[in-house]
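Q: I'm new to reading structures. Could you walk me through this one, starting with what's on the inside?

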Amino acid sequence: MSIKYVFKRTGGWLYLNTSLGRHPLRGAGVILMLHRVLNNDRAAELPHRNELCVGPDAFEHLLIWLQRHFECVPLMTLLLADPESVPNRPRVALTFDDGWRDNAMNAFPLLRQYQVPASIFLSTDFVGSRQHFWWESIGETLWGSHGQVARHSLIEHLQHAGRPLPVLLDDIDDERRSLALLHYLQSLKTLDARTLSDLTEACPHGAQPQALDWPQVRMLEDSGLVRFGPHGASHAILTGLDDQRLHEELTRSWTALENGCAQPLPVYCYPNGDNDVRVREQVAAHGFPFALGTQAGLYRHDGDPLNLPRFGVSQRNACHPELLAWRIRRGARS
Ligand SMILES: [Zn+2]
């Protein structure tokens, strides 16, 4: 364990366990960003999954830690709070992006057990469909989760797309191979949507759909603990769309939520966090008072409500929430 790591963990602990440390959090809120909750912690630890996945043990550990140090509130309670009435304990709201099926299977039972509210932001075209998210399908096929035949077939498709695999992806060490896969997947983000969709089609479809379906959405909403908001329709990066397509994404995602939910959240969650002035103006014109980005920072009621900051939760910082406290502390200073 490095000195820097010990320093961060201790600093994070002191921050939340002393009133002096907690002072910069007064009146501010913390919005956490999660994606997937897998059914296996070891699977979530690998570098290519670490940022977007947590395992059930890590997630439970995080929930217990949050309840000890924060008041866990619904997102709208945090956003609409009167900044004058400062609660004794700092507030935190949990958000999940994309609408993964495992949010219902693995996250919800723990949210219910600990009575922690959460908001899930759906890429609505995926709900109830067998359409898969490209990074998951390509990533897991390359990892070999669907067998060697599927892996080699996809590698050929990637070569045709001008993206041959780096040699490191054949490394026998799992950690190094996973890290190489993470970098390779990040490099694919520059491919156009059509090519990514064709490559995803070239991957085998698992037995289960990846996304939630509408009955699951309603079941979670009926629990009173979970609410839903839009995260694009197709998960296209909004800043890359022309005005017409941007308007269509915003309209289609909201219409789907209005049809599928009792009380959709008036909060837009930008796919990938990407937004600019034009996107924010369109989101406001569509009637959204709030939107979530991915920049780290505290919610202080005085920032841009259409680019709200969030702290990302990874398997690593869910296992060691003092690291999260360290990041929150840095956010509190800025
Ligand atoms: Zn997303």
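A: Sure! Of the 334 residues in the protein chain, 41% count as buried. Buried means that 20 or more other C-beta atoms, placed from the backbone, lie within 10 Å of the residue's own (exposed is 12 or fewer, partly exposed in between). Keep in mind that this is a predicted model, where local features need pLDDT of at least 70, side-chain atom pairs count only at pLDDT 80 or more, and totals for chains, interfaces and linings use all residues. Residues are numbered from 1 along each chain as its sequence is written.

Q: Which residues touch the most other members of the largest nonpolar core?

A: In soluble globular proteins, nonpolar side chains tend to be buried together. A nonpolar core is a set of buried Ala, Val, Leu, Ile, Met, Phe, Trp, Tyr and Cys residues joined through C-beta atoms within 7 Å. Here the largest one has 71 residues, and V30, L32, V54, F59, V267 and A291 touch the most other members. Strand β1 (residues 29-34) gives this core its largest share, five residues; strands are DSSP runs of E, at least two residues, numbered from the N terminus. There's also a second, separate core of ten residues, with I138, L142, L154 and A180 among them.

Q: How is the protein chain divided into domains?

A: Domain bounds come from an automatic or database domain assignment. In this case, domain 1 covers 3-128 + 211-229 + 291-333, while domain 2 is 134-201. Taken over C-alpha atoms, the centres of domain 1 and domain 2 are 29 Å apart.

Q: And what box do the C-alpha atoms fill?

A: Along the principal axes, roughly 60 × 50 × 35 Å.

Terms used: Helices (H or I, at least four residues) and strands (E, at least two) are DSSP runs, numbered from the N terminus.
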